[in-house]
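I opened this model to look up its DNA-facing surfaces, one serine and the enclosed spaces. My notes follow.

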There are 2 protein chains.
Amino acid sequence: MILEIFKGITLTKQETDRIENTFKKVHFKKGDIVLHTNETVTHQYYVYFGCLRTYFIDPQGKEHTIQFAIKDWWISDYIGYFSETKSVLTIECIEDATLFKIAKKDIEETYDQIPKIERFFRKKMERSFVSFQKRILANLSQPAKERYINFTKTYPNIEQQVKNYHIASYLGITTESLSRIRKEIAKK
Amino acid sequence: MILEIFKGITLTKQETDRIENTFKKVHFKKGDIVLHTNETVTHQYYVYFGCLRTYFIDPQGKEHTIQFAIKDWWISDYIGYFSETKSVLTIECIEDATLFKIAKKDIEETYDQIPKIERFFRKKMERSFVSFQKRILANLSQPAKERYINFTKTYPNIEQQVKNYHIASYLGITTESLSRIRKEIAKK
DNA sequence: CTAAAAAATTGATGTAGGATAAGAAACTAT
DNA sequence: ATAGTTTCTTATCCTACATCAATTTTTTAG
């Protein structure tokens, strides 16, 4: 079951064992906080099922959603995780979820032992990088309505699982504005 | 000289040779376009000196600066580069520059031969990922004035080398707005 | 099934930053 | 040096989205 994560990669028995020993299965209930701010970010998480998000609370107390994650996505506070600083994001479970978590130190050891795994994560990182760069581009060049339409097209599976105010805070607008945008789209 | 890029990594003579053969030194003049849109993105570039930027031209014809690069930074249209699509960004030289360019296919071969190099690029990717995620966060949570102040603090070396309208298009505002913000800051 | 809480909508009003237009300042090249 | 070009500034007006304040609708818990 853990091996679904690495489908497409051929692994020896020994490698499989190692991986099965480093990933831990964990469950969270809707509303649970997987990671609070100002904690050490020791793990990243693979979503086996359910839905989570990471968000940032700005100095005015407003939430900004950075990332959603559903089945087969990975999630963490990657700012804290990669730069070895205390968490700046909160990871919240927004639909009951089963995750596989892996410790940063374990994964780095695995990189030494199984280069195929290091490559897998390098490529995953490259794909995320592309999507975050596209998001910066969209934020700079499109009005809220277009960003919302694109969001619904790009992440139809996510839209069904999350609240409107989660989407609004991802798009960088208020829940009231999103409501007006939705109304406008609906009447056509 | 090329090896400055990999300072901190110990390489054998053979590895050094391979690297010296795959990186090509190239010069560009201020105003030169290193990559146009809608081209195949075959290379990424290490800046030995000079200054470049990548920008996106939106459907209304407005430019949006995605990235600057000065000495010791890397630059490319990473959207096209990693996702194997035609370029969506333009790479422009904004101060006479000397670059080392490396072909994607060469670097991927190098990854097979020198795992230390794959690791170097993985870590570089992780650091970029962090900074782009911080930028998304800043764009979502700060007004233009604060984003500008942070920009000047974070990239003092870049500010001196680029035009105000480059900075404006990086911050997601017009050059007129940036002018007002600068005036406001100056009068205090 | 129902009360309470959470989420979404709607309306009225405010504001940061955009658009347009013009002029001033700073480079650039002869 | 000086004409031409590019960049920056300033002023006026405008718009997308925010804020505030009620409701209405939906979800949740007993």
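I started with DNA strand C. I find 18 residues around DNA strand C, where near means a heavy atom within 4 Å of the strand. The closest are A:Arg180, B:Ala144, B:Glu176, B:Ser177 and B:Arg180.

I noted the ground rules next: this is a predicted model, local features need pLDDT of at least 70, side-chain atom pairs count only at pLDDT 80 or more, and totals for chains, interfaces and linings use all residues. Residues are numbered from 1 along each chain as its sequence is written, chains are lettered from A and ligands numbered from 1 in the order in which they are written, and side-chain values use heavy atoms, with hydrogens and water left out.

Back to DNA strand C. Sugar or phosphate holds 67% of its atoms within 4 Å of the protein, and bases hold the rest. I looked up polar contacts (pairs of N or O atoms within 3.5 Å; within protein, one must be able to donate a hydrogen and the other to accept it, and residues adjacent in sequence count only if both atoms are side-chain atoms). A:Arg180 places a polar side-chain atom 2.8 Å from a base oxygen of the strand. Two backbone contacts go to phosphate oxygens: B:Thr174 at 3.1 Å and B:Gly172 at 3.4 Å.

Which element gives the largest share of this surface? H8(A) does, with five residues. Helices here are DSSP runs (H or I, at least four residues), numbered from the N terminus. By class I count four nonpolar, five polar and nine charged residues. The classes are nonpolar (Ala, Val, Leu, Ile, Met, Phe, Trp, Tyr, Cys and Pro), charged (Asp, Glu, Lys and Arg) and polar (the others, Gly among them).

DNA strand D came next. Of 19 residues around DNA strand D, the nearest are A:Lys62, A:Ala144, A:Ser177, B:Asn164 and B:Lys183. Sugar and phosphate make up 73% of the strand D atoms that come within 4 Å of the protein. A backbone N or O atom of A:Ala144 sits 2.8 Å from a phosphate oxygen. For a polar backbone atom of A:Thr174, the distance to a phosphate oxygen is 3.2 Å. B:Ser179 uses a polar side-chain atom, 3.1 Å from a sugar or linking oxygen. H8(B) gives the largest share of this surface, six residues.

Then I checked B:Ser141, in helix H4 of chain B. Is B:Ser141 buried or exposed? With a relative accessible area of 12%, B:Ser141 is buried (under 20%; exposed is over 50%, partly exposed in between; 1.4 Å probe, protein chains only). A polar atom of its side chain lies 2.8 Å from the backbone oxygen of B:Leu137. Leaving out residues up to four places away in sequence, B:Ser141 touches A:Phe56, A:Asp58, A:Gln60 and A:His64 (contact means heavy atoms within 4.5 Å).

Last, I searched the whole structure for cavities and got two of 30 Å³ or more. A cavity is a set of points on a 1 Å grid over the protein atoms alone where a 1.4 Å probe fits but cannot get out; lining residues have an atom within 4 Å of a point. Volume is the space filled by probe spheres set on the points, which are joined across faces, edges and corners. The largest cavity holds about 80 Å³. H3(B) gives the most to its lining, four residues. The second largest holds about 40 Å³, and H4(A) gives the largest share of its lining, three residues.

Terms used: 1 Å grid on protein atoms, 1.4 Å probe; cavity = no way out; pocket = protein on both sides within 12 Å on 5 of 7 lines; lining within 4 Å. Helix = DSSP H or I, 4+ residues; strand = E, 2+ residues; numbered from the N terminus.
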